[in-house]
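This report describes the fold of one protein chain, from its core to its loops. Please look at the sequence and the structure below before reading on.

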Amino acid sequence: MDMIEDVSDTPIPNGPPAPPSRTPPRRAPVALVLVASLLSGVAGGIVGANVDRLAPAAQPTPALPEVKEVRVETGSDVTGAVSSVLPAVVTIESRTTSGQPAASGSGVVIDRELGYIVTNSHVVEQQRSTNPVGNISVILSDGQTIPAAVVGNDPFTDIAVVKVNQPLPAQVKLADAASIRIGAAVIAIGSPGVGSGRSAIGILSNTVTSGIVSATGRSLPRTDLRDVILDDLVQTDAPINPGMSGGPLVLVATREVIGLNTLVLRSSGEEGLGFAVSARTVAAIAEQIIANGRVIRGSLGIGFRDSSAGVTLVVAGRQGALVTSVPSGSVGAAAGIRSGDLIVRVNEIDVSDRRPLRSILLGFRPGNVVTLTIIRNGQEQHVTVTLAEGA
């Protein structure tokens, strides 16, 4: 059965490893290499001891060849991308009111002077609640720990903004993933957890994995919240591990962040299905949270079924969002929208499974005037709506 998981921290069992069985099972190649190395060391020590006892006299030590330093060009490919972005990646650790570790994740600095950091909403949410936790700290890539506060969080896009009251060492540039080609090289950075509620700082922090962009414009549900669909996701095969939530997905070619790692899809025998909230969504939501402490969205005042629900809606050969209800007195009703209309465009933006209506409306505020292109009875029509304030 498929299972979609937030990339949050998971416990790792403690205690010494079990002794090997009399007939050891076949090990993975890495384990075999390690065992071979240990055995070689022991055998070398034994042979060396025997040679010392048999040798008639010590021989002069031959001159060793000069060891030359190997320099890696940090401006190239993955190495350069890591060097550029890593100072702006942080570990975020939350604690309960009693001071006990609650959860950990990752984040990335978007304004170093003002101390703003973006991360996933589920990294800073209280358990069984979408309210933010009250006690968090940020751990920089050099190990420095700084008290922080949650400015605001938006569970509907899984984006949150955290702030510290001091300048930070670096910041990243957010890029629009819509222009990214499938197959482009990317890296994911974050701090995989080492136990429930414990950060991996000093153990697995600042882990870097690599892969490609597998797809863009994906839509998947946040399974911990009913009826919440995360739109405009970037799919990647770069490994995303527990604790890397909120860390950046970086385009190697430009060293720009194209998303925040948020979900992995786990199912029997399938690997390489990771997803990041696109930088386009991150930028739009972070701007509102910083300005207002919350997201204030423009609303059509209607009910609709979007392509993001997992069904591509097509009428007269056009994709769109199907209007399911138009409450009396709403701005949608005042504009003449009817139940059964298919909204196919907002201004010049086409509604599709890659850009659902819900995602498009994130870019508008209450009071904005938008022109909707709709299909009604097989005919294209245009409707002008002044947006109301929505949730």
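Leaving aside neighbours within four places in sequence, V118 is in contact with G107, V108, I110, A160, V161, G246, L260, V282 and A286; contact means heavy atoms within 4.5 Å. V118 is also among the residues with the most contacts inside the largest nonpolar core, together with I92, I117, V124, V138 and V162. That core has 51 residues. A nonpolar core is a set of buried Ala, Val, Leu, Ile, Met, Phe, Trp, Tyr and Cys residues joined through side-chain atoms within 4.5 Å. Buried means under 20% relative accessible area, exposed over 50%, and partly exposed in between, with a 1.4 Å probe and protein chains only. A second, separate core of 18 residues includes I343, I360, L361 and L387. In soluble globular proteins, nonpolar side chains tend to be buried together.

**Basis of the model**

The model is predicted: local features need pLDDT of at least 70, side-chain atom pairs count only at pLDDT 80 or more, and totals for chains, interfaces and linings use all residues. Residues are numbered from 1 along each chain as its sequence is written, and side-chain values use heavy atoms, with hydrogens and water left out. The term pLDDT is the predictor's confidence in each residue, from 0 to 100.

For the protein chain the mean pLDDT is 78, and 73% of the residues reach 70 or more. Strand 4 (residues 116-119) has the highest mean among the elements, 97, whereas helix 1 (residues 29-54) has the lowest, 30. Over residues 9-56 pLDDT stays under 50, and the model has 19 contacts beyond four places in sequence for them. Residues 194-202 also stay under 50, with 35 such contacts.

**Overall composition**

The protein chain has six helices and 23 strands. Helices (H or I, at least four residues) and strands (E, at least two) are DSSP runs, numbered from the N terminus. Of the 391 residues in the chain, 43% are buried. Among contacts between residues at least 6 apart in sequence, 63% join residues at least 24 apart.

**The barrel**

In what order do the six strands close into a barrel? The order is 2-3-4-7-6-5, and the pairing is antiparallel. Neighbouring strands of this sheet are turned by 40° against each other on average, direction ignored. Helix 4 (residues 279-292) packs on the sheet and touches strand 3, strand 4, strand 6 (145-154) and strand 7 (159-163). The direction of helix 4 makes about 50° with that of strand 7; axes are lines fitted to C-alpha atoms, for helices over the stretch in contact, and angles run from 0 to 180 degrees between N-to-C directions.

Two strands pair if DSSP finds at least two bridges between them. Strand 2 (residues 89-95) pairs with strand 3 in the antiparallel sense over seven bridges, and V90 stands opposite G107 in strand 3. The hairpin of strand 2 and strand 3 has five residues between the strands. Strand 3 (residues 101-111) is joined to strand 4 by three bridges. V108 stands opposite V118 in strand 4, while D111 has Y116 as its bridge partner. The hairpin of strand 3 and strand 4 has four residues between the strands.

**Residues with positive phi**

Most residues other than glycine have a negative phi. The table lists residues with a positive value, including two glycines in hairpins.

| Residue | Phi | Place |
|---|---|---|
| G99 | near 90° | hairpin of strand 2 and strand 3 |
| G115 | about 80° | turn between strand 3 and strand 4 |
| R255 | near 65° | loop between strand 11 (248-251) and strand 12 (256-266) |
| N377 | near 55° | loop between strand 21 (369-376) and strand 22 (379-386) |

R255 is partly exposed, with a relative accessible area of 29%, whereas N377 is exposed at 74%.

**Two polar residues**

Is D341 buried or exposed? D341 is buried, with a relative accessible area of 2%. D341 lies in the loop between helix 5 (331-335) and strand 19 (342-346), and its side chain reaches the backbone nitrogen of R338 at 2.8 Å. Not counting residues up to four places away in sequence, D341 touches A321, L322, V323, I374, I375 and R376.

S219 is in strand 9 (residues 207-221) and is partly exposed at 22% relative accessibility. A polar contact of 3.1 Å joins the side chains of S219 and D231. A polar contact is a pair of N or O atoms within 3.5 Å; within protein, one must be able to donate a hydrogen and the other to accept it, and residues adjacent in sequence count only if both atoms are side-chain atoms. S219 and P356 are 137 residues apart in sequence and 8.8 Å apart in space, C-alpha to C-alpha.
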